[in-house]
Amino acid sequence: MSTATADLYDEFEEGIQSLPVQFRSFGRRAAFDGPIRTIRCFEDNALVKATLATPGEDAVLVVDGGGSLQTALMGDLIAESAVANGWAGVVIHGAIRDSVAINGLDLGVKALGTNPRKSSKLGTGEVDVELEFGGVVFRVGAHLYSDEDGILVER
């Protein structure tokens, strides 16, 4: 991503949404962007694992984990799979684990925080559905931009 989110917001103010939720940044890619794919799940990362094991084609996976910090929805092995499959980044409205290992990967990751506790693996949730958190709507195929200043999503 070559244009800062602040500059993008100034240019497209009416056509872009700014996510006010304060995420922590992980991974070596401080800035990333791409078309959105989505998952809604709660304390169950089976769909996250399965999706990131498919070709990402520089997309960004947005995971609505309901803001739960009780369990991690992604760890280092799943993040390594995302890198191997060409994902640009992952935004998790929830927690991750293995943050030190993830910080060494060529992947952009935004999450609310960390928790070493693993999640269940029942496969509950929904893939490629419209999500909304922080007053921002995430539609499959819409473009997401992320850098040190925050996250923008096209309307």
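Visitor: Which residues have the most contacts inside the largest nonpolar core?

Guide: Happy to start there, with the reminder that this is a predicted model. The largest nonpolar core holds 23 residues. Those with the most contacts inside this core are V48, L52, V63, M74, I92 and I96.

Visitor: Which elements give two or more residues to this core?

Guide: Both helices and strands contribute here. The helices are α2 (46-52) and α3 (76-84). The strands on the list are β4 (60-64), β5 (72-74), β6 (89-96) and β7 (108-114).

Visitor: What does V63 touch, not counting residues up to four places away in sequence?

Guide: V63 is among the core residues with the most contacts, and it sits in β4, which spans 60-64. Leaving out residues up to four places away in sequence, V63 touches I39, C41, V48, L73, V90, V91, I92 and H93.

Visitor: How many residues does the second, separate core have?

Guide: This core is separate from the one around V63. Its members include V60, V91, V129 and L131. The count for this second core is 17 residues.

Visitor: Which residues of β4 lie on each side of the strand?

Guide: Let's look at burial before the faces: 5 of the 5 residues of β4 are buried, and the strand is mostly covered. Both faces are covered as well. One side carries V60, V62 and D64, and the other carries L61 and V63.

Visitor: In β4, what is the bridge partner of R40?

Guide: Strand β3 (residues 32-40) pairs with β4 in the parallel sense, over 5 bridges. R40 belongs to β3, and its bridge partner in β4 is D64.

Visitor: Is E57 buried or exposed?

Guide: E57 lies in the loop between α2 and β4. Its phi is positive, about 50°, although E57 is not a glycine. The relative accessibility of E57 is 69%, and the cut-off for exposed is over 50%, so E57 counts as exposed.

Visitor: What is the phi of D58?

Guide: D58 is found in the loop between α2 and β4. At 48% relative accessibility, D58 counts as partly exposed. D58 is a residue other than glycine, yet its phi is positive, near 65°.

Visitor: How much space lies in the largest pocket, and which residues are the closest to its centre?

Guide: The space in the largest pocket is about 240 Å³. Its lining is made of 14 residues. The closest to the centre are N45, G75, L77, I78 and R97.

Visitor: Which element gives the largest share of the lining of the largest pocket?

Guide: By class, the lining has 4 nonpolar, 4 polar and 6 charged residues. The elements that give two or more residues to this lining are β5 and α3. The largest share, 4 residues, comes from α3.

Visitor: How far apart in space are K121 and N45, C-alpha to C-alpha?

Guide: K121 has its place in the loop between β7 and β8. Not counting residues up to four places away in sequence, K121 touches D44, N45 and A46. K121 and N45 are 76 residues apart in sequence, while their C-alpha atoms are separated in space by 5.8 Å.

Visitor: Which residues does S120 touch, not counting those up to four places away in sequence?

Guide: S120 is placed in the loop between β7 and β8 (126-127). Its relative accessibility is 30%, so S120 counts as partly exposed. S120 and A72 are 48 residues apart in sequence and 9.4 Å apart in space, C-alpha to C-alpha. With residues up to four places away left out, S120 touches E43, D44, N45 and A46.

Visitor: Why is strand β12 largely enclosed by the rest of the structure?

Guide: Strand β12 covers residues 150-154. It is largely enclosed because the number of its 5 residues that are buried is 4.

Visitor: Which residue of β12 stands opposite S18?

Guide: Strand β1 (residues 16-19) and β12 run antiparallel and are joined by 4 bridges. S18 falls within β1, and the residue opposite S18 in β12 is L152.

Visitor: In β12, what is the bridge partner of S146?

Guide: Strand β11 (residues 143-147) and β12 also pair in the antiparallel sense, over 4 bridges. These strands form a hairpin with 2 residues between them. For S146, the bridge partner in β12 is I151.

Technical notes
Residues numbered from 1 in each chain as written. Predicted model: local features only at pLDDT ≥ 70, side-chain atom pairs only at ≥ 80, totals over all residues. Heavy atoms only, no water. Core = buried A, V, L, I, M, F, W, Y, C linked by side-chain atoms within 4.5 Å. Buried < 20%, exposed > 50% of the residue type's maximum accessible area, 1.4 Å probe, protein only. Contact = heavy atoms within 4.5 Å. 1 Å grid on protein atoms, 1.4 Å probe; cavity = no way out; pocket = protein on both sides within 12 Å on 5 of 7 lines; lining within 4 Å. Points joined across faces, edges and corners; volume = space filled by probe spheres on them. Nonpolar A, V, L, I, M, F, W, Y, C, P; charged D, E, K, R; others polar. Pairing = 2+ DSSP bridges.
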